[in-house]
Structure formats: C-alpha cells, structure tokens
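Student: May we work through this model by question and answer, beginning with one residue and moving on to the cores and the confidence scores?

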Amino acid sequence: MSDSNNTELMDLTFKSIIDALPCYIMIQDPEFNILFANHKFKSDFGDDIINVSCYSVLKGSRSQCTECPVRETFKDKKVHISEEIIRLSDGTIIEMIAYSAPLFDVVGNVKACIKLLVNVGTIKDTHRELVTLGQSIALLSHDIKNILEGLQGGAYVVEEGIKDKDMELSGKGWDIVKKNITEITGITQNILYSAKERKPKIKNVSPGDVARQTGQLFAEKSSYMGIQLLLQLNPKVPHVKLDPTGISRMLGNLIWNSLQACQKNTERNSHMVYVRVDFYDNRHFMFEVEDNASGMDKDTMKNLFKEFFSTKGNSGTGLGLMVVERIVRSHHGKIDVLTKPGKGSLFRIIFKLDHKKLDLV
Amino acid sequence: MAKDILKIVIVDDNTDYLFTMKTFLSRNGFEVETAPDGQAGIELIKKERPDLILLDVMMETTFSGFEVCRQVRSDNELKKTPIIGITGMEDELGLKFDKYDDADYFSPDVFFDKPVDKDALLKKIKELIL
C-alpha cells in the first residue's frame, strides 16, 4: 500500500473514530467560535454550528460563560477541566465534564483549543442517590427511634392507667400510641412512594370526593390536636383524570404537615387548616391546603422539596413534601407555595381539567 | 432540712414525651413541671427553682437546650442545679457531649440517650438529688 493510500486511510479512520466517540468534541478559535464539531455534537445541536460561538450553541447565551476552561487554556496553554450544565435543543438538561486542551501552531502559540465534553449525568445521579441513601438511613433510623420511644411511652401510660383503673390516663396513653402508629404508617407509605418511580393509576374521579375522603382520615386527629379542619369543596369541579391514591397521599402529607405546624405554633390559640378544591381558571382546577401556623422563612422555602429536609425535628423525615412533589410531577401539575412568617402557609396544587397526557388504566 | 417532695422540671419539645415522663416521675414521688420549649423552660426554671432539670438537648425551637443550659449555669442561684441532658444522637452520630470542651457553655451533669431507660434514669436522678 502506498504512503498516500495509508494517509487517506488514517484520515478516514481518525474521522470515523472521532465521530463514533460517545462524547462531544469541538475545536474553537480564540473568539470561542466552533471551527469543527464531531458527529455526536452535530446530531444533538444541529449542523449549522460552524463559526457560531460555543456559549451560544451550548447555553443559548449572548455572552461568554463566567467560567470557561477554553478561555483558561488560551491564557496559560494548559489543560483545564470544568463541570458544565448543557441544555440540548429538545430542552433536556445534562451535566457534563469539559476538558480543554491547546492546539499549537508551528511556533508554539495556541492557535485553537480542542474541547471534549463527557456526559456524567448518570454518575452524578448515582452519586446523589448514594448520598440520599446515606442521609435517609441516618434520618429514618433517628425518626423511627423517636416513634418507638413514643410507642413505649404511650404503652407505659396505658399500663399505669390500667394498674390504677384510671381510664382517663389509659386513654391519654392510648392517644400517644395511636399518634405514633399514624406517624410510622405515614413514614412507611412515604418510603414506599419515594423508593421507586410509581406509575400513577389514572381514573376518572371527582377531586372533591378525593379531598373529602382524605380529610375524613384526619378528622379525629385534628380534633384531638384541637385544630379545626375545614373542607371547602366546590361541587362544580367535574370528574377529572387523577390517580386517587396518589392524590390522597399528596393531600394527606400536606394536611399532616399543616396540622403539625399548627400544633407547634404557640403564638396563636386558635388554629385552622383549610382543604379546598376549586377552579383555578377555565382550563385548570386546584387543591389547596392552608394553615394559620407560623409560616416559613426564606431558607425553609428554598429547601422545601429537597429529600429529607425537615423543620419538624423529632417528628419529620422530610420525605413528605418530596413525595408530594413526585406525585404532582407524575400528574404534570404545578405547586405554588404562598407563605408569610407569623401568618401561615398555603400549598396550592394546580392540575389541568382535561389532561391528554394522562392515560386511564 | 431536706424537702419532702423534690421538684423536677422537664424541658422537651415533644409533648407526648413530656406527658410520659411527667407520669413516670410523678408516680415515683416527684413533683413535676413541664415546658415545651427552651424559652418557656428557662422561665419555668427561674420561677420554680427545681431540684433537678431534665433537658432535651436538641429542641427544634428558637431557644435550644444548649441555651437553657448556658443560662442556668450563668445564674448564680441556679448554677448548681443538676441537669440531665437527653440526646437522641450519641449512638447515631457518635457525638459525646460529656467530652464537650466548653464546659462553661454546656455542662449537664450527665447525659442519657433516647430512648431513655426509665429505671436507669430514676436511679441517676436519685443519685443526684437524694
């Protein structure tokens, strides 16, 4: 085989290799314009990216990124690495590790930079899952220990009451036992919900009926806690496509959070929790759970839907709102949280009245 | 002269725990007063001048057990009151509060980890105040 044939083959092989690599490779000039991109890059971002700036293609931005490994490479002629979040043309967001390396001209100046982007989303997800798992074990064991303490304590009070034939004391002990059974039931259900993605079982149901049935589950508890639980359900909201079990769990978590927030709030003597179903606008309806407890500060709001974030100390795992968020997401709904420190909080869940993406079982 | 009935103040943000411990200690001959948070706790301690304080260390209230302890220890009339610190964390996090360096800031006489062994607690209370 002649030398020229060999070179041709080598050129073809290199291009095939670069195109076949499951990562993005591009070459940029000092103005960050893309001079070359491999097949994978072009298939995700389109063919019209040559001579377009990297930040415009990858970030949809008009200005340079604040942190850019390519800029650093042009400055110091060294290899730089950074983490980047990229939005694909279909809206998918991916986490990537970016490597940039200098391409020198014959006199040793950096003529261009080669940038390689590797998707590390799966690794990041695994990392997050492991961190969450670690936190969950620590927090759940703490929480379950507190519940066991509550069960033991309640049982002790029941026994003392029986010993003295003091039924009032036994009744108080039994209330403690029941409250802790409710806690462990809620935690178990939330663990089951959060342990894996659960496909919603969509049925045609009345949101008012779901809210009424869920509210009834908390009637006795709220009465024992001295909190008024009020249902305000607009009967005109029609049957809609929902997973009634999931929605009931969602409402149950919100109601229980509100009841506990009221119980913890010592600034007010009279507490109320409202559960509402009503129209949001002519295409949407909403569930609302509102309390007049102490409201939330900015930090709490920021961390609200993070897994295992809780302000409830001994009585919360932080799983509840994460489960709420997951259920709302599975129904393609939206959560609004309105709160005012010292006044109370309102959780509003908005769903479409006629959701075409939800398939009936 | 020793008092006939010894008084214990319990400060804990878990109202069920307060009720259980109040029942237990009352039935063992103590007069018991309770407070559901640190602020109410320090006010109650100043008012009641108890013989012993049972204090939840990590209360999720604006006024923690650490602060209650600091205020008791910095009050000349209260500072010798025995404090039993209740923690839920020693075995979970490996924290040992009895080795805490800043003894002036946070210095309960003894610690118990949740769930509390009631008999061991009663024995310790008797050792401290009887």
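Student: Is Asp125(A) buried or exposed?

Tutor: This is a predicted model, in which local features need pLDDT of at least 70 and side-chain atom pairs count only at pLDDT 80 or more, whereas totals for chains, interfaces and linings use all residues. Residues are numbered from 1 along each chain as its sequence is written, and chains are lettered from A in the order in which they are written. A residue is buried if 20 or more other C-beta atoms (placed from the backbone) lie within 10 Å of its own, exposed if 12 or fewer, and partly exposed in between. Because Asp125(A) has 11 C-beta neighbours inside 10 Å, it counts as exposed.

Student: Which element gives the most residues to the largest nonpolar core?

Tutor: A nonpolar core is a set of buried Ala, Val, Leu, Ile, Met, Phe, Trp, Tyr and Cys residues joined through C-beta atoms within 7 Å. The largest has 35 residues, of which Met250(A), Leu251(A) and Ile255(A) touch the most other members. Elements giving it two or more residues include β9 (271-279), β10 (284-291) and α9 (244-264) of chain A, helices (H or I, at least four residues) and strands (E, at least two) being DSSP runs numbered from the N terminus. With 9 residues, the largest contribution is that of α9(A).

Student: What is the mean pLDDT of chain B?

Tutor: pLDDT is the predictor's confidence in each residue, from 0 to 100. In chain B, 81% of the residues reach 70 or more. The mean for chain B is 83.
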